[in-house]
Each structure stands twice: as structure tokens, then as C-alpha cells.
Amino acid sequence: MRLTPLLLAAVLAAGLPALAAESASPSPGLVPFSPTSTYKVEVDGAEIRTAEMFLGDPGLLLLGCSLKFPVLVCPTDQTVRYIPQENVIRDNQGNVNMKGTPTDPISSYQTVGGQISFQAEGRKVKLSPKPALVGPQTLDQIIAHNPDYESRIKYYTPDETAVAFLSKYARKTEVQIYFGSWCSVCEAWVPRLVKSLQTAKNPALDMQFHALPKNFTSDATAKSKGVTGIPTIILVQDGREIGRLNGRPESGTMEEALAKLLQTSAP
Amino acid sequence: MSRSLLRSLPGIALGSIFLAAGFLKAVDPAEFARQIETYGVVGGRAATLLAYLIIPLELALGTALVVAFRPRLAAAATGLLLLVFMGATAYAWSQGKTEGCGCFGSVVSRTPGEVLLEDAFFLALALLALLAAPRQAAWLGWRLGTVLAVVLAAGVVLPASAYALPLDALVTDLKVGRRIDELPLKESPVDLSKGRYVVALLDLNAADARETVKRLNQIGAVAKAPGVIAFYGGEVDEKTIFCFNTQPKFEVVAVPRADLKRLFRRLPRFFQLDDGKVSRIWDQAPPRIEEGS
């Protein structure tokens with residue numbers, strides 16, 4: 001019986017390296033990637049509209065880029081690697097999974113001026129952010145373009161008093177939101193307004209989104225609506241503007257400003 | 001008030017304005033060079049060179065007007081310089097560039113229209129100074145000496161050594177003890193008024209951005225670590241490639257550059273917030289893990 005602790009130690013000593021080896025080795029399973037529409041791909045200067053992009057822990061997976069194999073752009077070592085076609089497995093939810101490991105690097109990538117560029121098969125591949133949204137948009141389209149909107153909406157806690165007012169407001173009102181998908185102030189304030197109106201759950205308040213380009217001062221819609229800064233929120237009742245919010249509120253929250261405007265502008 | 005002092009007042013007023021403007025540019029010459037570049041007339045090294053020439057020139061004219069050294073000549077030269085500034089502002093405005101002039105460094109931000117109006121007022125003051133300036137005193141030695149001393153000290157030595165001097169607390173709004181609602185970070189998606197945060201002010205194009213993000217990620221990964229959040233001055237889409245490339249494990253938030261500029265002379269900068277109050281500031285490098293936790 002005195003040998004038991006020694007025996008236990010011996011068993012553990014023999015077993016531990018095997019356990020350690022198992023935990024250090026790559027998972028034999030599949031590596032998941034989710035679709036993303038945040039980037040634009042150009043090959044030799046031409047946009048590849050058929051390109052499909054998927055984000056996962058190893059990096060950005062590019063499919064349908066008219067290259068020999070799927071390409072993996074790896075940010076950890078700033079390299080570009082191939083993935084054999086048979087190792088890319090699609091599931092029925094639109095995601096893809098990677099089996100096995102990618103090839104050795106075929107090139108490294110450079111980041112200049114907010115763009116990633118690399119060479120593959122003697123061709124110049126460029127990845128850049130998608131162009132700004134322009135024109136009428138749905139909330140889903142905005143979130144697909146800028147996923148941060150979703151988390152900003154989710155984690156914002158609107159002012160209760162303002163939401164209570166908005167939830168009881170009876171007159172049918174179009175809340176026209178003029179914004180830029182590229183605009184930092186809009187990214188901060190529009191989701192707060194959206195969350196407030198979503199929380200108010202008032203069908204009388206109808207949100208409409210209109211995305212403006214970067215040089216919006218010369219945009220026809222902006223000109224016709226007299227939008228000189230963004231975000232601009234225009235309230236319309238029976239086809240007539242009853243008031244507007246220009247830019248971020250000087251103080252307080254967007255929903256407070258909206259509630260106040262509805263209170264004071266009602267005919 | 002003596003008649004000669006009354007006649008000197010327009011020059012003293014205009015000179016004081018030029019001295020203040022020159023000093024504010026001298027403490028952050030890189031920002032002034034960047035603002036010159038945004039005018040679209042000159043760029044790169046030429047803009048930097050121009051910045052380092054305009055600063056001593058403004059200070060020389062400002063001092064000359066205040067001490068009445070060649071007051072008529074100084075007033076005329078100041079008027080001419082203002083006309084050049086107005087021409088450049090009008091040109092930039094016509095090209096759709098709406099950023100302010102940087103006339104007072106990054107401390108005061110105005111639209112081009114406001115800048116032109118303000119310059120027109122200064123031009124009127126220069127004209128008044130030119131007409132009302134007293135005749136030059138007989139002995140010029142001390143006045144010339146003052147002009148040269150100010151130009152050398154504030155126009156040459158100060159811009160050359162500005163970033164090595166601890167002037168951030170003097171010329172930016174980021175100071176220990178400041179509350180978060182006094183800082184231009186209203187765009188934060190996180191309530192920074194409660195708890196402890198390490199806040200990073202980043203230049204997304206900095207060569208060492210990957211290393212900075214790596215160190216901030218390490219701070220965030222420590223048990224009971226403060227929250228980490230980063231702000232940059234620019235547009236939303238500028239962070240797309242940055243975030244892919246550097247893999248931050250914290251929020252990276254775009255704010256208008258003019259807002260962020262109030263908090264730094266050079267990036268990156270970092271500060272700690274304890275229940276919404278700035279408790280520590282680090283320049284150029286993120287805090288070490290033990291400092292940030």
C-alpha cells in the first residue's frame with residue numbers, strides 16, 4: 001500500500017504529457033467562419049462583385065475571387081494563404097467551415113491608407129471598406145453594412161421618461177433620419193434614437209432612414225431637404241415638416257430632444 | 001489716458017492676438033502643419049516648412065505691434081499676412097474644405113465663414129493700427145531686442161522642442177481631475193462615468209498601432225482589469241481595416257477629429273477614468289499591465 005502514491009505519481013507522470021500534447025494540438029474539428037459584407041474586393045483594379053467573404057478566428061476567408069483557391073488573409077502574421085477547395089465546407093445556414101490547416105504563406109499583405117493589398121498569382125488584390133450607403137435604407141441593411149449599429153442599439157438604455165412620452169404619442173409621424181453610414185456622430189446617436197423608438201413600440205412613430213454620401217452638401221436629397229449637417233431628424237405629419245433635430249443634442253439625450261420637439265411642435 | 005497710448009491701442013490689441021495665436025501654434029506645430037495641408041495649397045514637407053516659418057513671423061509681428069517697434073511697417077505687414085490667410089481660407093472653402101483655419105492652434109475651432117469674418121475684423125484693426133500708429137521713438141534698441149528675443153524663444157526654440165515640454169495640461173482639455181462629461185467623448189457607447197476604464201486615444205495609421213493594441217488587449221485580459229476603450233478622430237469606415245489588422249478586444253470608437261484634438265498634441269495618449277474622473281494620464285505608450293489594473 002505504501003507504493004500507492006508512487007504508483008499514482010507514475011501514472012500521472014506518464015499521462016500528463018499525453019494530455020498536454022492533446023490540449024496543445026489544433027482541434028481536429030472544423031473552424032467556423034461567418035459571412036461578412038464589410039469589405040470590398042478588387043483584383044487588378046476591378047471590383048469582384050461575386051466575391052464572398054467570411055470572418056473567423058484565423059482571419060478573412062475570400063471565396064469566388066477568380067483566384068485558383070480560396071484565400072485566407074491572416075492578421076496574426078499578416079500573411080495570405082490558400083485553403084484547398086475541398087477543405088472549405090459550406091453549411092445550410094450560409095456559414096462555411098475550414099477543415100485542416102491552410103497552406104504555407106503565399107505572400108504577406110500590406111496595409112496602407114485603410115486598405116489591405118497583396119499579390120496572389122501575380123495579380124494585385126485589394127481589400128477596402130465597402131463604400132458608404134446612399135439612399136433609403138432599412139435598419140437591416142444598415143446593420144449588415146455596419147454591424148456596430150446592432151451592438152450600439154442592444155446596449156443602449158434610453159431615458160425612461162422620454163420613452164414613456166414617445167410610447168403614448170398619438171399622431172402619426174414620420175421620423176425621417178438623414179445620416180451617413182461613414183459618420184462617427186451618426187454611429188453614436190442614431191442607434192440611441194432607434195433603441196428609444198423600438199422601446200417605445202409606438203406604431204404611430206415610423207422611422208425612415210436615408211443614407212447620405214460623404215460629400216452630402218452637394219447631394220440632391222440633402223439639398224432638397226435642407227440638410228446641412230448629420231444626423232438630421234425631420235418630423236413629418238400629414239406630409240408637412242413639423243420640426244427637426246440638427247446634429248447631436250447640445251445636452252441630454254436624443255430621445256429627450258425628440259420628445260421635446262414633438263411636444264412643442266404639435267399643431 | 002495719454003493720446004499716444006490711445007493711438008497705440010489698435011496695434012497693442014492686434015499684436016496681443018498675434019502673440020496668442022503664434023504661441024498656441026508654437027506649442028503644437030505639427031497640428032498647424034496638418035491644418036495648412038488641409039487647405040490643399042501645399043502639402044507634405046512644404047506645409048511643415050511653412051508652419052515653422054509662419055509661427056516666428058506671427059510672433060515677430062505680434063511683438064513688434066505690442067512694443068511699437070516700427071509700428072507702421074508691422075501693421076502693414078500684419079495686414080498683408082491677414083490678406084494671405086483670407087485668400088487661403090477662401091480658396092479652401094471654395095474647394096469644399098470646411099475645416100477651420102487652425103489660427104489659434106487646436107484650441108479654437110471655427111468654420112471658414114467665421115474665420116473670414118474674424119480675419120476681416122483683424123484686417124480692420126491692422127488698418128487702424130497703421131493709421132493711428134505713433135511715430136517711431138528715437139531709441140529702438142530695447143524694442144528690437146524684445147522682438148528678436150520673442151522670435152528666438154517662442155518662434156524657433158519653442159516649436160522645435162514643443163513635444164518634449166510638459167505642456168499638454170496647459171494646451172489640452174485632458175487633465176487629471178477632469179470629469180468625463182467635461183471631455184468631448186459624448187459618442188462613447190459605454191457609460192464611462194461608472195467603474196474604472198483605460199481610455200486610449202489612437203492614431204489608426206500609426207506604425208506601432210499593432211503593438212499598442214496588443215498591449216491594450218493584455219490589460220483587458222487581466223483578471224479584475226479595468227475596461228478598455230479606444231477613440232480615434234475620423235470617420236467610421238476608417239476603423240474597418242484597422243480592426244481586422246490589429247484585432248482589438250475592446251471597442252474602437254470614431255469621434256469627430258476636431259473633438260478629439262482637444263485632448264492631445266501627439267498620439268497615442270492614454271488615461272484612466274475612475275468613476276468618471278481622470279485619475280492618470282500616459283503619453284505615447286499604453287500603461288504597463290500592472291499600472292492599468
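The C-alpha centres of the two domains of chain B, domain 1 and domain 2, sit 34 Å apart. Keep in mind that this is a predicted model. Below is a quick tour of how chain B is split up, a sheet in chain A, and the place where chains A and B touch.

**Domains of chain B**
- Domain 1 of chain B covers 3-165, and domain 2 of chain B picks up at 171 and runs to 292.

**An open sheet in chain A**
- Chain A has an open sheet built from five strands, in the order 3-2-13-12-11, with antiparallel pairing.
- At the edges are strand 3 (46-47) and strand 11 (110-112) of chain A, each of which pairs on one side only.
- As a reminder, strands of a sheet pair through backbone hydrogen bonds, either parallel or antiparallel.
- Strand 11 of chain A is joined to strand 12 of chain A (residues 115-120) by three bridges, and the two run antiparallel.
- If you want to look at a bridge by eye, go to Gln110(A): its partner in strand 12 of chain A is Ser117(A).

**Where chain A touches chain B**
- On the chain A side, 20 residues are in contact with 16 residues of chain B.
- Strand 12, helix 3 (148-155) and helix 5 (184-200) of chain A are the elements that each give two or more residues to the side touching chain B.
- Helix 5 of chain A gives the most to that side, with four residues.
- By residue type, the side of chain A that touches chain B splits into nine nonpolar, eight polar and three charged residues.
- Strand 12 of chain A turns up twice here: it belongs to the open sheet, and it also gives residues to the side that touches chain B.

Note on methods. Residues numbered from 1 in each chain as written. Chains lettered and ligands numbered in written order. Predicted model: local features only at pLDDT ≥ 70, side-chain atom pairs only at ≥ 80, totals over all residues. Domains from an automatic or database assignment. Pairing = 2+ DSSP bridges. Contact = placed C-beta atoms within 7 Å. Nonpolar A, V, L, I, M, F, W, Y, C, P; charged D, E, K, R; others polar.
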